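Here are my notes on this one, for someone opening it for the first time. Keep the structure in view and go through the points in turn.

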Amino acid sequence: MNRKIPYRTYLTEDQMPKYWYNLRADMKDQHDPYINPGTMKPVQYEDLLPVFCEELVKQEMNTTDRYIPIPEEVQEFYKTYRPSPLIRAYNLEKELKTPAKIYYKFEGNNTSGSHKLNSAVAQVYYAKKQGVTSLTTETGAGQWGTALSMAAAYFNMPLTVFMVKISAQQKPYRKAIIETFGGKVVASPSNTTEAGKAILASDPNSGGSLGCAISEAVEQAVKTPNCRYVLGSVLDQVLLHQSIIGSEAKMAMDLLGEYPDVVIGCAGGGSNLGGIITEYMADKLNGRKSPAFIAVEPASCPSLSRGKYAYDFCDTGKITPLAKMYTLGSGFKPSPIHAGGLRYHGMSPIISKLYHDGYIDEVRAVGQKSVFEAAQIFSKAETILPAPESSHAIKIAIDEAIKCRETGEEKTILFNLTGTGYFDMVAYMQYIDGTMEDYIPTDEELEAGFESLREIPLNSGI
Ligand SMILES: *Cc1c(COP(=O)(O)O)cnc(C)c1O
């Protein structure tokens, strides 16, 4: 094979970004403000202090500083598992017989197995610096809880993880890793919070949801002295921390003399997509270049492609601020047969705004069987077992590469490979033995979630 570009491109430690890139500084129109559901007024800095760490609230509200320094301690932690490689998918290209050039940024090269560690370490660092004495969070599939427990162990910070009950049952090893790193796992809904008790009262057999686990974690943070809540996606601060993915990717692509025609990311809460697109989106917002951006989501939880752009709660218990985002309604729960992750009812306000304003060109909703098919093609060619979430991006990267085979276009495709799938083997087994099914909610089913949006006064005409 004739190749000038290596399989793997790594930056050196010295080349690693020393700043997070705050994309909002490039956005002429900001997303609508978070609203305090008690007063129906925009959330103020002070409103958030009982829930979040000070420095993180500042980051959440910062729409003006383009570069935000990464604290030295966080940079040092990053160096234990970063820079992550930018990989040229020569073998996948060959398998697909495509003239396209496919690159992916691989974020699964750490024990948590995903990009979530990038924000976890920042959030725990700021909590420690402020003198916070314990943290709470929620986790669905378990990647965020794992990443956070690693960061909490590093900074010696007690942590309680409310884990969606069905995940805690289906993924006992995830729970075991979190506990190995010293985190305390509570299956949600639980009897330890009012929010959990209320949900159990209405449905004693509830398997839980991310939205419900968020309610419990926030409640415990607010009622425990000197405790704060941390969230692994959706928020502006999380997208900020994840910008390191995009900054590294852009630097490595620049070194190779490459610029993507299309950038692809899977979208659950929107953090890795926000991260990988950051600097390329800045090019687009400033009119320098015009790469295409594609967000990929599961057909069974289609917040961007079929949700409403409306104000909604970030949790099921309706205790968080209201965020303007694409949402299926805070009560939406994807079908239990959905195994591919990305189950959150809403979407990052930044990603929602960029999509609404046309800067994210396209959203594709894909069925889980096609996602696992793509995962298998990819793993055979590239020798990495991808997470089901990441495989949504793989599916569309493959589709785009096949399109190039048909048209002869030599496009440069960049996608984010967010993590590895070692804890998802039950889902892989279902795919292999043919018992996996696709599930696409009907309009009527989605309508039930939209009803709850109409109860929020700000959503006229929804
Ligand atoms: C959490 C997770 C996602 C989805 O979260 P985003 O905030 O949308 O990035 C994607 N891939 C992996 C491996 C994850 O753990």
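**Notes on the model**

1. Let's begin with the rings. Searching the whole structure turns up 18 aromatic pairs. Take Y19 and Y67: their ring centres are 6.0 Å apart and their planes stand at 75 degrees, so this pair is edge-to-face. Y19 belongs to strand β2 (residues 19–21) and Y67 to strand β5 (residues 67–69), so the pair ties together parts that lie 48 residues apart in sequence. Y19 has a relative accessibility of 44%, so it counts as partly exposed. Bear in mind throughout that this is a predicted model.

2. Next, look at Y259 and Y280. They also form an aromatic pair that is edge-to-face, with 5.0 Å from centre to centre and 90 degrees between the planes. Distant parts of the chain are linked here: Y259 sits in the loop between α11 (236–256) and β12 (262–266), while Y280 is in helix α12 (residues 271–285), 21 residues apart. Y280 is buried, at a relative accessible area of 0%.

3. Y259 has another partner worth a click. K289 lies over the face of Y259, 4.6 Å from the ring centre. There is a second arrangement of this kind to look up: K324 has its charged end over the ring of Y309, 4.7 Å from the centre of that ring.

4. Which residues make up the aromatic cluster? One cluster is formed by F77, Y78, Y81, Y125, Y126, Y154 and F155. Keep Y126 in mind, since it comes back in the next point.

5. Now for a helix pair. Helix α2 (residues 54–61) and helix α5 (residues 117–130) have axes that come within 8 Å and cross at roughly 130 degrees. That angle makes α2 oblique to α5. On the α2 side the contact is made by E54, E55, L56 and Q59, and on the α5 side by Q123, Y126 and Q130. Sorted by class, the contact of α2 with α5 has 2 nonpolar, 3 polar and 2 charged residues.

6. Please check the backbone at two prolines. The peptide bond from R82 to P83 is cis, with omega near -5 degrees, and P83 is placed in the loop between α3 (72–78) and β6 (86–88). S188 and P189 are also joined by a cis peptide bond, with omega about 10 degrees. P189 is in the loop between β10 (184–188) and α9 (194–202).

7. Two phi angles deserve a look as well. N226 is not a glycine, yet its phi is positive, at about 60 degrees. This residue is in the loop between α10 (210–223) and β11 (227–229), and N226 is partly exposed, with a relative accessible area of 37%. V234, also a residue other than glycine, has a positive phi near 70 degrees. V234 is in the loop between β11 and α11. Is V234 buried or exposed? It is buried, with a relative accessible area of 5%.

8. Helix α14 (residues 349–356) is mostly covered, with 6 of its 8 residues buried. Those buried residues are P349, I350, I351, S352, K353 and L354. What do they pack against? The buried residues of α14 pack against α11, α12, α13 (303–306), β14 (308–313) and β15 (322–327).

9. R364 is worth finding in strand β16 (residues 362–366). R364 is buried, with a relative accessible area of 16%; the cut-off for buried is under 20%. Not counting residues up to four places away in sequence, R364 touches I294, A295, V296, E297, I396, D399, E400 and K403.

10. Last stop: A221, in helix α10. A221 is buried, with a relative accessible area of 1%. Its C-alpha atom is separated by 6.5 Å from that of V51, although A221 and V51 are 170 residues apart along the chain. Leaving aside neighbours within four places in sequence, A221 is in contact with T136, C227, R228 and Y229.

Technical notes: Residues are numbered from 1 along each chain as its sequence is written. This is a predicted model: local features need pLDDT of at least 70, side-chain atom pairs count only at pLDDT 80 or more; totals for chains, interfaces and linings use all residues. Side-chain values use heavy atoms; hydrogens and water are left out. Axes are lines fitted to C-alpha atoms, for helices over the stretch in contact, and angles run from 0 to 180 degrees between N-to-C directions. Helices (H or I, at least four residues) and strands (E, at least two) are DSSP runs, numbered from the N terminus. Angles under 35 degrees count as roughly parallel, over 145 as roughly antiparallel, 65 to 115 as roughly perpendicular and the rest as oblique. Contact means heavy atoms within 4.5 Å. Ala, Val, Leu, Ile, Met, Phe, Trp, Tyr, Cys and Pro count as nonpolar, Asp, Glu, Lys and Arg as charged, and the others, Gly among them, as polar. Rings of Phe, Tyr and Trp (its six-membered ring) pair if their centres lie within 6.5 Å; planes under 30 degrees apart count as stacked, over 60 as edge-to-face and the rest as tilted. Buried means under 20% relative accessible area, exposed over 50%, partly exposed in between (1.4 Å probe, protein chains only). A charge sits over a ring if NZ of Lys or CZ of Arg is within 6 Å of the ring centre and within 35 degrees of the ring normal.
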